[in-house]
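Here are a few exercises to try with the model open beside you. Have a go at each task before reading its solution.

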Amino acid sequence: MALYSRPRNTRLLVVSLVMASLLTITVDYRGGERGPLEAAGQGALQAVAALQSGVSKVVQPIGSFLSGIAHIGSLRSENDALKAQIKALEARAGQSISDRRIIKELTRLLKLTEDLQLKGVTGRVVGESVSNFEWSVTINKGSADKVQQNDPVVSGDGLVGHVIEVAPHACRAQLIIDPDSAVAGRLASSGETGLVVGQRSKPLTMDLVNSDAKVVINDQVVTSGYQSGLYPPEIPIGLVSHVFSRPGSLTATIELTPTVDFSALEFVLVVNG
Amino acid sequence: MRRTISWAAVVLTALVLQSTVFAQVKLADAKPDLVYLVTAVLAFLEGPAAGAMAGFFGGMAEDFLLDQPKGITALTLTLVGYTVGTIRQYVVTPSPILPVLVVGATTTAAVLFNQLVTFLLGQLTVGAGYVIKVALLEGVYNAVLTPFLFPVIRRVAESSRPTKVFRW
């Protein structure tokens, strides 16, 4: 293209593009959640969710294989248990392994929702975040299924996160392992409360309000569900894995292992109402 | 016109692959980013103007898939396209390793720049150590992917190039 051939034109072009970027950043940053660019973002989410949903059916096994390589140490210990399981599964000829897994997952999810009397819409996780600095998933349910922003998301194992963006037939949920996420939690045994903050793939941390609280390893932490809170009460978040003792500090910090396996999310319940 | 369409097709394909296949390929906390790779390669092949254009539109599209303020990736990739395209004009070595090194180094630098802007806007939620680790890993992953994708992108770029224009 002749237009792009001269250096001066190139410089002008680059300066205009940089200005356009800076303008977009400013408009979006100031506009916040109701900015003019949000509608475009929702359109993009809808389009990508449709693509992700199609592709994830094909490539999920490949992705699982690749991420499996990273966890090879822990996989070895699982190996023996799985071998026994294979024998059991082989006995049930004619029944697809995949179907059985789906039924199992949905049963767990159903049990949790019944125990806690949660109402909502069951969706499937179809994709993950494009970025290395955001921990979110795309779910195939949106405003057409009455999903709203800030709706809690749970799986059969416990709390997953909350909805941050909604399109007509898809939504994006921030996971509780995102460093931006903070959930009000409560120790199941003693009732002590604190804020559970994400630490990426590392265990979650929880700052207890009462620094003298007695904490036992493997104690369960659930959502506290105080009034006007985002999450309903009693949803499992994690198990205490480590207690830091800092004498003289105003708060005590503990580490939690999440009950949900975030690398293998499939069926989730978006809680609304 | 034909070239603009081929570039758009390359960037769009990269974006679709990134949001579907590569969003799930996570090794040691990091995944490759095809839009960064494609911007660097297009700038490398086609010069600073094409690089800046590809970077701006690819980056803006990727921004709409993220939760951070939109425009940061567009800014990063515009500068990536312009810089790589400009530097390329002064490098004459025909070495086949050059694109690999360029893509790797550019990706790492671009991720660091991107997170610096995020930090300046007060939106950075992870520590500096993590940013550096991910930037380095992403650079390595993109570099590893380059030998496979570079010939494909070059073929698309060259097939649409008008024959009467002479370029080095």
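**Exercise 1.** Work out whether A:Asn218 is buried, partly exposed or exposed.

*Solution.* This is a predicted model, so you are working from predicted coordinates. Start by counting neighbours: A:Asn218 has 8 other C-beta atoms within 10 Å. A residue with 12 or fewer counts as exposed, so A:Asn218 is exposed. Now find its place in the chain: A:Asn218 sits in the loop that links β8 to β9 (220–223) of chain A. Last, check the backbone: phi of A:Asn218 is near 75°, which is positive even though the residue is not a glycine.

**Exercise 2.** Do the same for A:Arg200: which exposure class does it fall into?

*Solution.* Count again, and you get 19 other C-beta atoms within 10 Å of A:Arg200. Being buried takes 20 or more, and being exposed takes 12 or fewer. The count for A:Arg200 falls in between, so this residue is partly exposed. As for location, look in the loop between β7 (193–197) and β8 (204–208) of chain A, where you'll find A:Arg200. A:Arg200 isn't a glycine, yet it has a positive phi of about 60°.

**Exercise 3.** Hop over to chain B and decide how compact it is.

*Solution.* First list the elements: chain B has six helices and zero strands, so from the N terminus the order reads α-α-α-α-α-α. Next, compare sizes. The radius of gyration of chain B is 15 Å, close to the 15 Å from the globule rule for 168 residues, so chain B is as compact as a globular protein of that length. Its C-alpha atoms fill a box of roughly 50 × 30 × 30 Å along the principal axes. Then look inside: 55% of the 168 residues count as buried. Finally, take the contacts in chain B with a separation of 6 or more: 71% of them join residues 24 or more positions apart.

**Exercise 4.** Describe how α2 and α5 of chain B pack against each other.

*Solution.* You describe two packed helices by the angle between their axes and the distance between the axes. For α2(B) (residues 34–46) and α5(B) (residues 98–120), the axes come within 9 Å and cross at roughly 130°. That angle makes α2(B) oblique to α5(B). The crossing is right-handed. Now pick out the residues in contact: α2(B) brings B:Tyr36, B:Leu37, B:Ala40, B:Val41 and B:Phe44, while α5(B) brings B:Pro99, B:Val102, B:Val103, B:Thr106, B:Thr107 and B:Ala110. Sort them by class, and you get nine nonpolar, two polar and no charged residues.

Technical notes. Residues numbered from 1 in each chain as written. Chains lettered and ligands numbered in written order. Predicted model: local features only at pLDDT ≥ 70, side-chain atom pairs only at ≥ 80, totals over all residues. Axes fitted to C-alpha atoms, helices over the stretch in contact; angles between N-to-C directions. Helix = DSSP H or I, 4+ residues; strand = E, 2+ residues; numbered from the N terminus. Parallel < 35°, antiparallel > 145°, perpendicular 65-115°, else oblique. Left-handed = near helix turned anticlockwise from the far one by under 90°. Contact = placed C-beta atoms within 7 Å. Nonpolar A, V, L, I, M, F, W, Y, C, P; charged D, E, K, R; others polar. Rg over C-alpha atoms; globule rule 2.2 N^0.38 Å.
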